[in-house]
There are 2 protein chains.
Amino acid sequence: MLTAGVDLGGTRVRVGVLEGARMHYWEERDSEVLKGPDHTLSIIIHMLERAKETMPFERIGICAPGPLDYKLGVLLDPPNLPDWGLVPITDVLQKHFLLPVRLLNDANAAALSEAASGAGKGYESVWFTTVSTGVGSGYVNDGQLIQGARGCAGEIGNMIILPEGRHQSNLNPGALESYVSGTAISAISRERFGWQNGAKEAIERAMAGEKEAVELIDETMTYLSIAIANIVHTVNPAIFVFGGGVMTQHDYLLPILAEKTNARVYASLQRSFDFAYAVHGNEAGVLGAAVYVRELNLS
Amino acid sequence: MLTAGVDLGGTRVRVGVLEGARMHYWEERDSEVLKGPDHTLSIIIHMLERAKETMPFERIGICAPGPLDYKLGVLLDPPNLPDWGLVPITDVLQKHFLLPVRLLNDANAAALSEAASGAGKGYESVWFTTVSTGVGSGYVNDGQLIQGARGCAGEIGNMIILPEGRHQSNLNPGALESYVSGTAISAISRERFGWQNGAKEAIERAMAGEKEAVELIDETMTYLSIAIANIVHTVNPAIFVFGGGVMTQHDYLLPILAEKTNARVYASLQRSFDFAYAVHGNEAGVLGAAVYVRELNLS
């Protein structure tokens, strides 16, 4: 069965058509979100119509940044998609194409793509985490995406790592995202040392051996390792897969993270789970959304 | 199909036979663990033989305290069952009865019993937590028990709540169990106030309004609420079910915990998940073990 995947992002819209594990069609464009949801929706419809001419897909999966309600198929005021709150996105596409349409979180879609045909392939359970501007994750157990009762499984950016700690936006005080996201590393390195070039600069200074940068990155990876160890003791996944600009910048952070995580789990669990980089990059959302609707039992 | 459930504990062995959701047979005895594993195993075999005479079960599920390897069917040096490390418990029963036998963690069995026919019945996902001497938990999603790659899903006693915090036995510094277990509450109230009668005394003093006890219990429930909120942002279960002597003593702690947890989740998630007491008590392990083997696809 051919299925279409759509990745609706704050800057780009990506559309692909999948057969089995292979992408047979690909198009991407600016999402032009400043012109409003109706405009972007018409771009998506246009792209899907063009795809359908050559690749007659039977279902559509669409992923977008959270928060969203996957059961209702609506976005809930995502910060990077202004005015999309409560736009009935799946309804609109469903009525236009007369096909089954499902909406899911973009980190969940990426998790599914890595589990189905990426770094997590062949593992019984996969925990995917992306660290870039924010922190997002997704969890696939036995081939099944676990979204949670309200679709908020994997919202580990709000996991409390240090009670009464650093406070950022609408997160809990001491939440993971306030320490390890690109935004947080950038803010902390600016406050402490006056560096102006974000997480990239802090990581590169640490790689060059600058003492204060090494300490900052060590601290950052300690906090992330607490979150990962907590996930080990909560659902014990077989592999942790990492994407996003912060974690994948050079091959520097992941070995540090793996060592720190193993130091925080029961002895019998040490080195019993793997760490890997995501492989699907910009295609992850489209792939995952298309896999998601293919696997759904829609009878 | 009739299935047998066995609950092997440090003090009692319980055996039951289940048909559908109903227990049709029940026997319990001292486990006499000081006489060694062979002796206790012969008690279990004897109890199962007697059960089989009137209720010819086709499968056997046995639960025991962790750590254990559910895939290999062996215990891994559980503190309350000395010398049981690596005893091939499922092999022995399998060879004796010539029936399929499976081993699982007792907190996981209790979770399954609450999801199948207890406080979690009808919920799409159930997180069960027992707080007594230690802290254990189990997670059932869509009717399926999620045990994790090494069977350590639900080992939240080792979740880090306060980095570099209180240190107890082989747990992480600042682990949940070091703050909220009966053992921990007992130790903390003895250290701080000289109270000698454990968690029970601390809770009763708090219920009577004694200021320092109220503060201690408030602190304890704050730590537990951090763990529960972290689980919300990790797998977002529909209901949290609590068992064990500490949490179920009077109806005092659970409302405090619910309020504190809701204060630590995203606004859109507040009051979107339920809290309840476990209903199966001493039968939970037997019920869950029998349900577990009934649901297995053994083809």
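**Figure 1. A:Thr90, a buried threonine in a helix of chain A.** At 6% relative accessibility, A:Thr90 counts as buried, because anything under 20% falls in that class. This is a predicted model, as are all the views that follow. A:Thr90 sits in helix H2, which covers residues 89-97 of chain A. Who does A:Thr90 touch, once residues up to four places away in sequence are set aside? The partners are A:Leu72 and A:Gly73, plus the run A:Val101, A:Arg102 and A:Leu103.

**Figure 2. B:Thr3, a buried threonine in a strand of chain B.** Over in chain B, B:Thr3 belongs to strand E1, residues 2-8. With 0% relative accessibility, B:Thr3 counts as buried. Its side chain has a polar atom 3.0 Å from the backbone oxygen of B:Ala290. B:Ala290 also turns up in the contact list of B:Thr3, which leaves out neighbours within four places in sequence. The rest of that list is B:Gly16, B:Val17, B:Leu18, B:Phe57, B:Arg59, B:Val293 and B:Arg294.

**Figure 3. Where domain 1 meets domain 2 in chain A.** The domain assignment splits chain A into domain 1 (2-109 + 282-295) and domain 2 (121-278). Eight residues from domain 1 of chain A and 12 residues from domain 2 of chain A make the contact. Taken over C-alpha atoms, the centres of the two domains are 27 Å apart. About 790 Å² is buried between them, and carbon and sulfur atoms give 46% of that area. On the domain 1 side, A:Tyr70, A:Ala107 and A:Asn108 lose the most area to domain 2, together 65% of what that side buries. Looking for salt bridges between these two domains? The count is zero. Polar contacts do show up, with three residue pairs (both at pLDDT 80 or more). Strand E7 (101-105) and helix H3 (106-117) of chain A are the elements that give two or more residues to the domain 1 side of this contact.

**Figure 4. Chains A and B around their rotation axis.** Two copies of a chain are related by a rotation about an axis and a shift along it. Here, a rotation of 180° with 0.0 Å of shift along its axis puts chain A on chain B, with an RMSD of 0.0 Å. That is the relation of a two-fold axis. Which residue of chain A comes closest to the rotation axis? A:Leu162 does, with its C-alpha at 3.1 Å. As for the interface, 100% of the interface residues of chain A are also interface residues in chain B, so the copies meet through the same surface.

Conventions. Residues numbered from 1 in each chain as written. Chains lettered and ligands numbered in written order. Predicted model: local features only at pLDDT ≥ 70, side-chain atom pairs only at ≥ 80, totals over all residues. Heavy atoms only, no water. Helix = DSSP H or I, 4+ residues; strand = E, 2+ residues; numbered from the N terminus. Buried < 20%, exposed > 50% of the residue type's maximum accessible area, 1.4 Å probe, protein only. Polar contact = N/O pair within 3.5 Å; in protein donor to acceptor, adjacent residues only side chain to side chain. Contact = heavy atoms within 4.5 Å. Least-squares fit on C-alpha atoms with pLDDT ≥ 70 in both. Domains from an automatic or database assignment. Buried area = accessible area lost by both parts, 1.4 Å probe. Salt bridge = Lys/Arg side-chain N within 4 Å of Asp/Glu carboxyl O.
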